[in-house]
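Here is a brief report on one protein model. Keep the sequence and the 3D view open while you read.

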Amino acid sequence: MATKTPLAKTASKIITKGLAKSPTKKSVSIKTPKTVVRSPVKRSTIKKIDAAGTPLSVVIRRRIEAQKARFHANDNIAAFIRPGELEGLVDEVAQKMQAVLESLVIDTESDHNTKNTSQRVAKMFVKEVFSGRYVDQPTLTKFPNISKLNELMIIGPITVRSACSHHLCPIMGRIWIGVLPNKASALIGLSKYSRLTEWVMCRPQIQEEAVVELADMLERKIKPIGVAIVMDADHFCMQWRGVKDRDSKMVNSVMRGAFLKDPNLRREFLSLLDKR
């Protein structure tokens with residue numbers, strides 16, 4: 001076997017190096033694996049991938065925004081929530097409430113009193129104190145005014161529980177409702193006044209707006225000659241924090257129709273409240 005001279009060895013190396021860098025070698029090199037492995041993805045799969053990482057609150061918000069609807073603290077958004085989603089919303093709020101507790105430097109692992117506080121608070125917000133935002137309006141059974149009643153009716157005091165939208169502190173109070181029907185008015189059962197009042201009040205809001213919304217609703221449902229509402233409440237955002245004045249209350253009224261035009265009717269209504 002012939003031994004290669006140093007010159008032959010050098011030539012061999014040059015040839016080998018040239019082959020490694022030749023265009024032919026480049027053409028067989030796989031430098032774009034994405035192009036090779038990429039395959040068509042079904043639209044349904046894309047939707048599942050997107051939805052998997054999107055919080056439920058964002059999904060609901062997008063539905064509302066798509067309809068250009070309002071979702072202020074005192075608005076009802078039940079029309080945009082699908083069956084079964086409230087439980088998911090509770091879980092999401094619980095996760096974020098847990099983060100709030102951790103930011104407040106509260107040990108929820110070894111403190112037995114706060115172990116499940118985030119879940120309890122989430123359930124309280126969604127299903128109890130703010131439930132008027134997430135559930136449909138209660139059904140109101142109407143009766144025709146067969147007897148053509150046109151005398152003053154007063155319902156109350158109805159105990160109300162709400163929360164101020166500024167600090168989410170409780171608002172606890174009472175409401176009186178005055179109704180003057182006519183022969184064309186619809187009549188509703190007494191319990192329905194309480195149910196409707198609770199539905200309106202179980203949202204973060206301010207008292208002045210809450211009584212106006214309740215009055216608007218009763219006018220649309222009953223179509224009376226007049227509606228009057230008086231609300232008397234304690235605001236914990238004044239009693240529990242801030243000035244901490246525990247004796248302060250807020251009283252406001254809404255007068256519509258005959259109650260606004262007839263001072264004698266208004267006087268009769270207000271005088272009867274003093275006797276309750």
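## Overall make-up

The protein has 13 helices and 7 strands. The model is predicted.

Of its 276 residues, 36% are buried. The exposed surface comes to about 18,400 Å². Carbon and sulfur atoms supply 57% of that surface. Now take contacts between residues at least 6 apart in sequence: 69% of them join residues at least 24 apart.

## The sheet

How many strands form the open sheet, and in what order? There are 5, and the order is E5-E2-E3-E6-E7. Their pairing is mixed. Strand E5 (204–205) and strand E7 (250–257) are the edge strands. Each of these two pairs on one side only.

Look next at strands E3 and E6. E3 covers residues 170–180, and E6 covers residues 226–235. The two pair in the antiparallel sense, over 10 bridges. To find the register, start at Met172: opposite it, in E6, stands Asp234.

## Helices on the sheet

Helix H10 (residues 207–222) packs on the sheet. H10 touches E3, E5, E6 and E7. The direction of H10 makes about 30° with that of E7.

Helix H13 (residues 263–273) also packs on the sheet. Which strands does H13 touch? They are strand E2 (153–164), E3, E6 and E7. The direction of H13 makes about 135° with that of E3.

## Putting it together

Strands E3, E6 and E7 are touched by H10, and H13 touches them too. Edge strand E5 is among the contacts of H10. Strand E2 is among those of H13.

Notes:
Residues are numbered from 1 along each chain as its sequence is written. This is a predicted model: local features need pLDDT of at least 70, side-chain atom pairs count only at pLDDT 80 or more; totals for chains, interfaces and linings use all residues. Side-chain values use heavy atoms; hydrogens and water are left out. Two strands pair if DSSP finds at least two bridges between them. Helices (H or I, at least four residues) and strands (E, at least two) are DSSP runs, numbered from the N terminus. Contact means heavy atoms within 4.5 Å. Axes are lines fitted to C-alpha atoms, for helices over the stretch in contact, and angles run from 0 to 180 degrees between N-to-C directions. Buried means under 20% relative accessible area, exposed over 50%, partly exposed in between (1.4 Å probe, protein chains only). Accessible areas come from the Shrake-Rupley method with a 1.4 Å probe; for residues, only the protein chains shown count as cover.
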